[in-house]
Amino acid sequence: MSQHDAVLSDQLNLRVAERVREEIARRRISRQHLADEARISLSTLEKALSGHRPFTLATIIRLEQAMGFELRDQTETEKPKLAISNGHAAEELGSYSRAAVSWLEGTFLTLRPSFGNHGDIFAYCTDIVWDAGNAHLKFEERERTDASFSQRGCVSVPHLSGHVYLVTNTSGQYRMAVLSRPSIAGEMYGILTTLRAGQGAQLTPVSVPLVLVPMKVFEAPVFGRITRLDQAYDQYSRFLNKTIGDGYASFVMS
């Protein structure tokens with residue numbers, strides 16, 4: 001493999017993808033336009049942004065030339081942030097072993113309110129698995145209709161709060177879900193704090209109720225934007241309403 005064919009680590013792929021998406025939004029250009037300017041195929045760009053294919057150094061260099069700024073300001077020389085000790089997660093993630101959190105592993109239907117359509121529900125998958133190389137749980141989203149915004153990151157399970165945290169950190173920009181420990185049926189309820197796209201390139205902080213339900217609960221789960229006309233709406237809505245209704249989370253206004 002040549003130097004230009006080399007691929008970035010998962011952490012750096014996340015950072016590069018986020019910076020490219022933000023620049024596309026800021027400049028209000030299409031992905032096709034950026035691909036043309038960088039002399040790469042649209043398919044290559046979209047697969048890299050969605051996490052289905054890692055960025056190669058050659059692709060990064062072409063994107064940097066097209067956009068006029070450095071994407072590799074913290075490259076492979078960056079030191080790992082999460083120390084590994086005796087098969088336990090780092091202290092900042094809760095110092096857990098795999099055996100202690102094995103009950104969290106699985107595939108979950110993830111439900112939250114739609115950002116763009118009042119009353120609608122956004123449904124997708126979240127996989128939580130053990131990352132043997134880094135000795136901690138990790139999560140990854142899929143089946144999102146806006147695949148380029150699918151998130152992945154670390155799972156923190158501290159003893160003190162009794163909650164589960166799904167954390168994405170991209171170049172210092174955080175997106176976090178705070179969830180209850182699973183119920184007897186395996187559901188986790190809480191809130192998601194992230195950024196939503198506003199007009200033009202504007203990004204606005206937003207927090208919404210969030211539910212993760214074990215996929216095995218559903219015979220034929222439906223993904224995407226669920227409206228009141230969809231058969232799954234009532235069932236999904238009942239799960240989502242429990243977040244606030246049963247006191248798993250609250251929104252405080254002055």
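A salt bridge here is a side-chain nitrogen of Lys or Arg within 4 Å of a carboxyl oxygen of Asp or Glu. With that in hand, let's walk through this predicted model. Side chains of opposite charge can pair when their charged atoms come close. Across the whole structure, a search turns up nine salt bridges, and a few of them are worth visiting in turn.

Start with E140 and R152, whose side chains meet in a salt bridge with an N to O distance of 3.2 Å. This pair links distant parts of the chain, as the two residues are 12 residues apart. You will find E140 in strand β3, which covers residues 136–142, and R152 in strand β4, which covers residues 152–156. Is E140 buried or partly exposed? Its relative accessible area is 35%, so E140 counts as partly exposed.

Now move along to R144, which has two partners to look at. One is E141: the side chains of R144 and E141 meet in a salt bridge, N to O, at 2.7 Å. Both R144 and E141 are buried. The other is D146, where the closest N and O atoms of the salt bridge with R144 are 2.9 Å apart.

How do R144 and D146 differ in exposure? The cut-off for buried is under 20% relative accessible area. R144 has 11% relative accessibility and therefore counts as buried, while D146, at 24%, counts as partly exposed.

Finally, put these contacts into a wider picture. Which residues are linked in a network of salt bridges? They are E141, R144, D146 and R175, so the two R144 pairs you have just visited belong to this network.

Terms used. Residues are numbered from 1 along each chain as its sequence is written. This is a predicted model: local features need pLDDT of at least 70, side-chain atom pairs count only at pLDDT 80 or more; totals for chains, interfaces and linings use all residues. Side-chain values use heavy atoms; hydrogens and water are left out. Helices (H or I, at least four residues) and strands (E, at least two) are DSSP runs, numbered from the N terminus. Buried means under 20% relative accessible area, exposed over 50%, partly exposed in between (1.4 Å probe, protein chains only).
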